[in-house]
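Work through the following exercises with the sequence and the 3D structure at hand. Each task is followed by a solution in steps.

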Amino acid sequence: MSAPALERPTGFTPAQYLICLNGIVWREALRFLHQRERFVSALVRPLVWLFIFAAGFRQVLGISIIPPYETYILYEVYITPGLMAMIQLFNGMQSSLSMVYDREMGNMRTLLVSPLPRWYLLSCKLLAGTAVSILQVYAFLAIAWFWDIEPPHIGYLTVLPALALTGLMLGALGMLISSGIKQLENFAGVMNFVIFPMFFASSALYPLWRVLEGSPALYYVCQFNPFTHAVELIRFALYGQINWISLAVVGGSTAAFLIGAMLAYNPSRGLGRRGAAGGET
Amino acid sequence: MRNESRISKLVSRARRSAKRCSADPGPFQALRSVTAPALQRTTPQQRRAALRPGHDSIAKAGHRVTERAMTRGVIAATFILSLVVSTPASAYVAYVSNEKSNTVSVIDTDTWAVTATIKVGQRPRGIEFTRDGRFVLVAVGDDDTIELIDAATHQIVDKLPSGPDPELFVQDQSGKTLYVANENDNTVTIIDLEKRVRTGDVQVGVEPEGMAISPDGKILINTSETTNMAHFIDTATRQIVGNVLVDSRPRFAEFKRDNSELWVSSEIGGTVSVIDPGKREVTGKISFAVPGMRREAIQPVGIAMTADGATAFVALGPANRVAVVDAKTHEVKKYLLVGQRVWHMAFTPDEKYLLVTNGVSNDVSVIDVAAQKVFKTIQVGELPWGITIAPK
């Protein structure tokens with residue numbers, strides 16, 4: 001092989017970056033379109049919570065007026081932002097599951113040998129996953145509308161940036177976790193050890209003041225849970241408001257998870273140094 | 001050469017347009033006639049040529065029209081801006097009687113905030129503005145009187161001689177006579193509002209509460225909680241001329257503005273009886289069923305009807321809901337979630353909003369009447385009961 005062929009390219013044009021982004025997003029979109037059951041299950045999960053769980057608990061969990069709400073709301077209305085975040089949480093974990101699958105199947109190797117920087121490849125992957133999760137959330141909101149979940153019209157627009165940020169955060173978390181998983185079978189543990197604790201120890205299903213009444217310790221756990229802040233960021237944005245603390249926490253967590261994921265996927269520095277047993281290194 | 005002829009055609013067309021402009025007042029039409037043919041279909045060189053000194057008239061005409069359009073635009077923008085800035089100025093004030101804290105909360109409907117709290121007698125319940133809007137009448141049951149609050153100064157200026165434990169009352173159309181239901185005395189007291197003296201009593205059923213007066217002012221309705229009747233009282237003779245049996249514990253009565261129907265809510269019965277005032281008989285009953293709510297928890301109390309008689313709102317007490325009813329078909333259209341133990345209600349004079357009192361949760365919920373949605377809840381005193389609204 002000649003010497004110039006071994007030379008690593010030093011810079012890429014924006015067009016080249018776009019080709020890469022397009023490739024990754026398109027692949028994710030195709031995968032999403034072809035896996036219809038994945039889309040349906042992503043919708044059915046929150047709808048089951050909305051139609052069954054919320055109906056059962058409607059009378060039990062009376063909701064007092066807390067910001068951003070200005071009047072009494074039904075329990076269904078309260079848990080809607082939590083369910084939106086749940087869609088993104090599952091989607092984030094699912095896309096990281098797909099990364100484990102990609103790694104086992106060898107697709108990840110193809111991706112990571114791309115000459116473009118690794119951080120860029122991972123960011124593209126993350127963006128693609130977030131876009132898919134946002135589509136799922138809007139589909140859920142459309143169905144919820146027929147269930148009398150009617151946030152202000154402007155809320156459908158103002159929630160978009162919040163969804164983008166929370167989608168990135170949860171996607172980055174999934175990516176960070178997936179970097180530490182060697183085999184697809186291990187992913188069930190993630191469900192039990194990450195998704196459920198994150199979801200239940202948050203303000204998704206019950207306001208934190210109610211958690212405080214039951215268990216002060218759990219209240220503090222909930223407060224330190226970034227998922228709580230993702231839910232609250234979505235909740236406020238859905239009503240055209242900004243919860244600055246949640247924004248800061250979600251923004252900070254996104255950055256931290258993203259950096260962690262990039263380091264973890266770096267074969268020379270991160271957790272990825274695991275030998276040949278399924279690792280991409 | 002061809003260019004020149006095109007330009008000359010262009011110029012003459014533009015001149016004609018300019019003439020039309022000076023004759024025709026429509027700025028947009030004029031602007032379109034100048035700018036479209038003269039400027040848009042030309043090359044940049046032609047456009048520059050058209051604006052040279054030889055083509056002053058076109059330039060001036062265009063300029064004049066543009067100026068005129070701009071002036072109108074500025075005026076329109078200012079008008080729209082002023083509308084936007086002044087839109088929320090509905091300028092009403094709501095007075096809410098707080099049964100337990102012995103106060104009246106004053107709510108500004110521009111800001112939806114409590115702007116004053118007035119200390120009144122014990123157990124204030126029935127509350128209403130006088131017809132001239134100068135005073136607020138509030139029945140203070142445990143003090144056995146009706147107090148007059150000056151709406152301007154928020155001071156209690158006088159007391160009216162009701163019977164023992166006055167609860168609800170109604171004024172005649174002229175605002176000269178007040179009819180008061182005295183819960184503990186089984187009577188309706190008649191008070192001359194101008195002289196502020198008691199002019200008579202009518203003996204009614206046990207625990208009188210709901211009061212309504214027919215639109216023609218000839219018939220006064222009183223409902224008695226324990227007798228379960230709506231009593232029809234002739235206002236001229238002050239005699240009961242009819243009784244209609246309704247469901248258990250009738251709380252409130254409301255006439256349609258066209259006198260075609262009288263609605264009486266029954267708290268324990270859980271229904272609203274629709275009565276034909278002419279025949280004095282129940283012609284229909286409205287029942288309520290809130291999904292997931294026990295039937296006993298659905299206790300209709302306050303009723304409010306829009307002036308056109310199309311829509312009615314019924315407070316359902318401990319069901320924490322206000323029912324929206326099609327007043328023509330008597331069909332319940334939807335239930336709006338409000339605070340706990342919703343009791344009485346009042347429209348703003350423009351009927352844009354309906355305010356309801358929530359006794360147990362100590363607040364007042366605001367309903368957007370057109371959207372049929374609750375959009376705000378305001379904390380007031382303890383056990384809010386009655387509400388009245390008038391322009392500031």
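The model is predicted, and the solutions below should be read with that in mind.

**Exercise 1. Describe the make-up of chain B.**

Step 1. Count the elements: chain B has four helices and 28 strands.
Step 2. Look at burial: of the 392 residues in chain B, 45% are buried.
Step 3. Look at contacts in chain B with a separation of 6 or more: residues 24 or more positions apart account for 43% of them.

**Exercise 2. Trace the open sheet that contains β24 of chain B and find its edges.**

Step 1. The sheet has four strands in the order β24-β25-β26-β27 (chain B), and the pairing is antiparallel.
Step 2. β24 (342-347) and β27 (373-379) of chain B each pair on one side only, which makes them the edge strands.
Step 3. On average, neighbouring strands of this sheet are turned by 25 degrees against each other, direction ignored.
Step 4. Now take one pair: β24(B) is joined by four bridges to β25 (residues 353-358) of chain B, and the two run antiparallel. Within β25(B), L354(B) is the bridge partner of F347(B).

**Exercise 3. Do the same for the open sheet that contains β16 of chain B, and explain what sets its edge strands apart.**

Step 1. Four strands follow the order β16-β17-β18-β19 (chain B), with antiparallel pairing.
Step 2. β16 (250-255) and β19 (281-287) of chain B each have a single partner strand, so one side of each is left without a neighbour in the sheet.
Step 3. From one strand to the next, the twist averages 25 degrees.
Step 4. Six bridges link β18 (residues 271-276) of chain B with β19(B) in the antiparallel sense. Within β19(B), G284(B) is the bridge partner of V274(B).

**Exercise 4. Locate the nonpolar cores and follow one residue into its surroundings.**

Step 1. The largest nonpolar core has 96 residues, and L355(B), V356(B) and F169(B) are among those with the most contacts inside it.
Step 2. Strand β5 (residues 135-140) of chain B gives the largest share of this core, six residues.
Step 3. Take L355(B) and set aside its neighbours within four places in sequence: its contacts are A94(B), M345(B), A346(B), V364(B), V366(B), I387(B) and I389(B).
Step 4. A second, separate core has 66 residues, including I87(A), M198(A), Y206(A) and A261(A).

**Exercise 5. Compare the record for chain A with the model.**

Step 1. An unreviewed UniProt entry places the feature "transmembrane region" at several spans of chain A, among them residues 72-90 and 189-209.
Step 2. In the model, residues 72-90 of chain A are 84% helix and 0% strand, with end C-alpha atoms 29 Å apart.
Step 3. Residues 189-209 of chain A are 67% helix and 0% strand, and their end C-alpha atoms lie 30 Å apart.

**Exercise 6. Is S64(A) buried, exposed or partly exposed? Place it in the chain as well.**

Step 1. S64(A) is in the loop between α3 (36-57) and α4 (75-105) of chain A.
Step 2. Count the other C-beta atoms within 10 Å of S64(A): there are 13. A residue is exposed at 12 or fewer and buried at 20 or more, so S64(A), with 13, is partly exposed.
Step 3. S64(A) and P207(A) are 143 residues apart in sequence, yet their C-alpha atoms are 9.2 Å apart in space.

**Exercise 7. Describe where the two chains touch.**

Step 1. Seven residues of chain A are in contact with nine residues of chain B.
Step 2. Sorted by class, the chain A side consists of three nonpolar, two polar and two charged residues.

Notes: Residues are numbered from 1 along each chain as its sequence is written. Chains are lettered from A and ligands numbered from 1 in the order in which they are written. This is a predicted model: local features need pLDDT of at least 70, side-chain atom pairs count only at pLDDT 80 or more; totals for chains, interfaces and linings use all residues. Two strands pair if DSSP finds at least two bridges between them. Axes are lines fitted to C-alpha atoms, for helices over the stretch in contact, and angles run from 0 to 180 degrees between N-to-C directions. A nonpolar core is a set of buried Ala, Val, Leu, Ile, Met, Phe, Trp, Tyr and Cys residues joined through C-beta atoms within 7 Å. Two residues are in contact if their C-beta atoms, placed from the backbone, lie within 7 Å. Ala, Val, Leu, Ile, Met, Phe, Trp, Tyr, Cys and Pro count as nonpolar, Asp, Glu, Lys and Arg as charged, and the others, Gly among them, as polar. UniProt positions are given in the numbering used here, feature names are shortened, and annotations may be inferred rather than shown by experiment.
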